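Please walk through this structure and explain how its strands are arranged and how its charged side chains pair.

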There are 2 protein chains.
Amino acid sequence: MPAPHPKHAAPDHPLLAPIAARWSPYAYDPSRDVPPEQLLSCLEAARWAASSYNEQPWTFLIARRSDQQAFETLLGCLLEANQQWAKQASVLMLTVVQHDFRRNGKPNRVAAHDIGLAAGNLVLQATALGIDAHQMAGIDLDKARETYGIPDGYAPLTAIALGYALSPDAIDDAELQSRETAPRSRKSLSELVFAGRWGTPAEL
Amino acid sequence: MPAPHPKHAAPDHPLLAPIAARWSPYAYDPSRDVPPEQLLSCLEAARWAASSYNEQPWTFLIARRSDQQAFETLLGCLLEANQQWAKQASVLMLTVVQHDFRRNGKPNRVAAHDIGLAAGNLVLQATALGIDAHQMAGIDLDKARETYGIPDGYAPLTAIALGYALSPDAIDDAELQSRETAPRSRKSLSELVFAGRWGTPAEL
C-alpha cells in the first residue's frame with residue numbers, strides 16, 4: 001500500500017485499505033510503467049467480479065504507453081479534456097458493455113452496473129498494488145466504435161487510466177496542483193441510506 | 001478473512017484477498033446477524049466509490065432481519081426465486097439509481113455503472129469483514145417503487161443480501177448443497193481483453 005496521502009478518504013467508519021486509498025489523480029509520472037504482471041492481476045480482478053447470470057458482459061480494450069502507436073490510438077478515443085492528462089498515464093483502457101444476454105438475446109438490465117463491478121475490482125486491485133487509477137465517462141463513443149470495430153450489440157462505456165500519480169509537490173502547473181490537493185467530499189450516510197420510506201435516514 | 005473455501009476464486013494471477021474470496025452464496029445462517037458497526041463500514045465503503053462528476057448517483061434502502069416487519073417489506077420487493085433464499089440473510093438492501101445529473105438535469109450515461117462501483121466497494125468491504133454478500137437483479141421494480149415511494153428520476157436497480165454463508169456440509173437440501181459447491185467459471189482473459197482491434201487478444 002502507498003504511504004498516506006492527502007487525497008485518501010477520511011472515513012467515518014473503518015475501511016479496507018485500498019478502498020480508503022483509492023482516488024482519481026490527474027497528474028501521472030510519464031516515466032513509470034505498470035509492470036505487465038501487475039496489469040494482469042488488475043484484469044484478473046475484473047474477471048472475477050460478480051455478474052447477473054454470470055454473464056460477464058465486460059470487454060476491455062487496452063493499450064500501454066510503451067507501445068506508442070497503440071497508446072495514441074486509444075488516447076484519441078477520449079474526449080479532449082481527458083486526453084490532456086491521460087497522455088501521461090502508463091496504461092489506458094476502454095470498457096465495452098454487451099447489452100443483451102448471450103444465452104437468450106434478451107436485454108440485460110444490469111449490464112452497465114456489472115461493468116462497474118468489474119471496473120471497481122480492477123481499480124481496487126491496482127490501488128492495492130500501489131497503482132493509481134482514474135476512470136472516465138468522457139470518451140468519444142462513435143470514434144471508439146469505429147477505431148476498434150466494436151460490433152453491434154456492444155457499446156463502449158468508460159475509459160480507465162492506470163499509472164503512478166505525481167506527488168502534489170512535483171506538479172508544476174498551479175491549477176493542476178490545486179485540483180490534486182483539493183479536499184474530497186461525499187454525501188453523508190444519512191443522505192444515501194434510507195429505511196422504511198424514501199427520504200427517511202436509516203438508524204444503524 | 002474467512003478460511004479458504006471451495007468457492008473462492010482460483011485466479012491465474014495474484015488477487016487482493018477479498019476479491020479472491022468473494023462469491024455469492026445462496027445458503028445463509030439465519031441465526032447470525034451482521035454487527036451494526038460492520039454494516040456501517042460496508043455502507044461507508046460504498047460512499048467513497050468514484051462517480052462521474054462526483055455525482056454519487058446511489059441510494060440504498062436497507063432492512064435488517066432483526067426488524068422483522070421492515071425485513072419482510074424489503075423481502076417482498078424481491079422476485080419469488082430470490083425470496084426463497086434471501087429470507088435467511090441478515091441484511092437486505094435495494095440500490096436505487098438517479099439517472100440525471102443533479103447539477104444540470106442532463107442524463108448521466110454511467111449512473112448504473114457507478115452504482116456498480118459503489119456496490120462493489122460495499123461487497124468487498126463485507127467480504128474483508130467475513131460477511132458474505134449476494135447481489136441480485138431479480139427484483140420487482142414496480143413494487144419496490146410503490147413500497148418505498150421512490151420518486152420520479154430515481155429507479156430501483158439491484159438488491160444485495162448480506163449474511164453468513166452456511167458451510168456446504170451444513171446445508172440439508174441436496175440441490176442447494178450442489179449449487180453451493182459447483183465449480184466457478186469465468187471467461188479467460190484472452191476472451192475479454194483485446195488490443196488494437198475488437199477480437200484480437202491483448203499480448204500482456
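The text below takes the sheet, then the helix across it, then the salt bridges.

This is a predicted model. Start with the sheet. Strands of a sheet pair through backbone hydrogen bonds, either parallel or antiparallel. Here five strands form an open sheet with mixed pairing. Their order is 5(A)-1(B)-2(B)-4(B)-3(B). Strand 5 (193–194) of chain A stands at one edge, and strand 3 (132–136) of chain B is also an edge strand. Each has a single partner strand, so one side of each is left without a neighbour in the sheet.

Now look inside the sheet. Strand 1 (residues 58–64) of chain B pairs with strand 2 (residues 91–98) of chain B. The sense is antiparallel, and the pairing runs over seven bridges. Arg64(B) of this chain stands opposite Val91(B) in strand 2 of chain B.

A helix crosses these strands. Helix 5 (residues 111–128) of chain B lies across strand 1, strand 2, strand 3 and strand 4 (154–163) of chain B. Relative to strand 2 of chain B, helix 5 runs at about 155 degrees.

Turn to the charges. Side chains of opposite charge can pair when their charged atoms come close. The whole structure holds six salt bridges over all chains. One of them joins Glu55(A) to Arg102(A), with the closest N and O atoms 3.2 Å apart. This pair links distant parts of the chain, 47 residues apart. Glu55(A) sits in the loop between helix 2 (36–47) and strand 1 (58–64) of chain A. Arg102(A) sits in the loop between strand 2 (91–98) and helix 5 (111–128) of chain A.

How buried or exposed are the two partners? Glu55(A) has a relative accessible area of 3%, so Glu55(A) is buried. Arg102(A) is at 47%, so Arg102(A) counts as partly exposed.

Chain B has a salt bridge between Arg102(B) and Glu55(B), with the closest N and O atoms 3.2 Å apart. Arg102(B) lies in the loop between strand 2 and helix 5 of chain B, and Glu55(B) in the loop between helix 2 and strand 1 of chain B. The two are 47 residues apart. Arg102(B) is partly exposed at 47% relative accessibility. Glu55(B) is buried at 3%.

Salt bridges that share partners also join Asp12(A), Glu44(B) and Arg47(B) into one network. Within that network, Glu44(B) and Arg47(B) meet at 2.8 Å, N to O. Both residues are buried. They are three residues apart in helix 2 (residues 36–47) of chain B, so about one helical turn separates them.

Key. Residues are numbered from 1 along each chain as its sequence is written. Chains are lettered from A and ligands numbered from 1 in the order in which they are written. This is a predicted model: local features need pLDDT of at least 70, side-chain atom pairs count only at pLDDT 80 or more; totals for chains, interfaces and linings use all residues. Side-chain values use heavy atoms; hydrogens and water are left out. Two strands pair if DSSP finds at least two bridges between them. Helices (H or I, at least four residues) and strands (E, at least two) are DSSP runs, numbered from the N terminus. Contact means heavy atoms within 4.5 Å. Axes are lines fitted to C-alpha atoms, for helices over the stretch in contact, and angles run from 0 to 180 degrees between N-to-C directions. A salt bridge is a side-chain nitrogen of Lys or Arg within 4 Å of a carboxyl oxygen of Asp or Glu. Buried means under 20% relative accessible area, exposed over 50%, partly exposed in between (1.4 Å probe, protein chains only).
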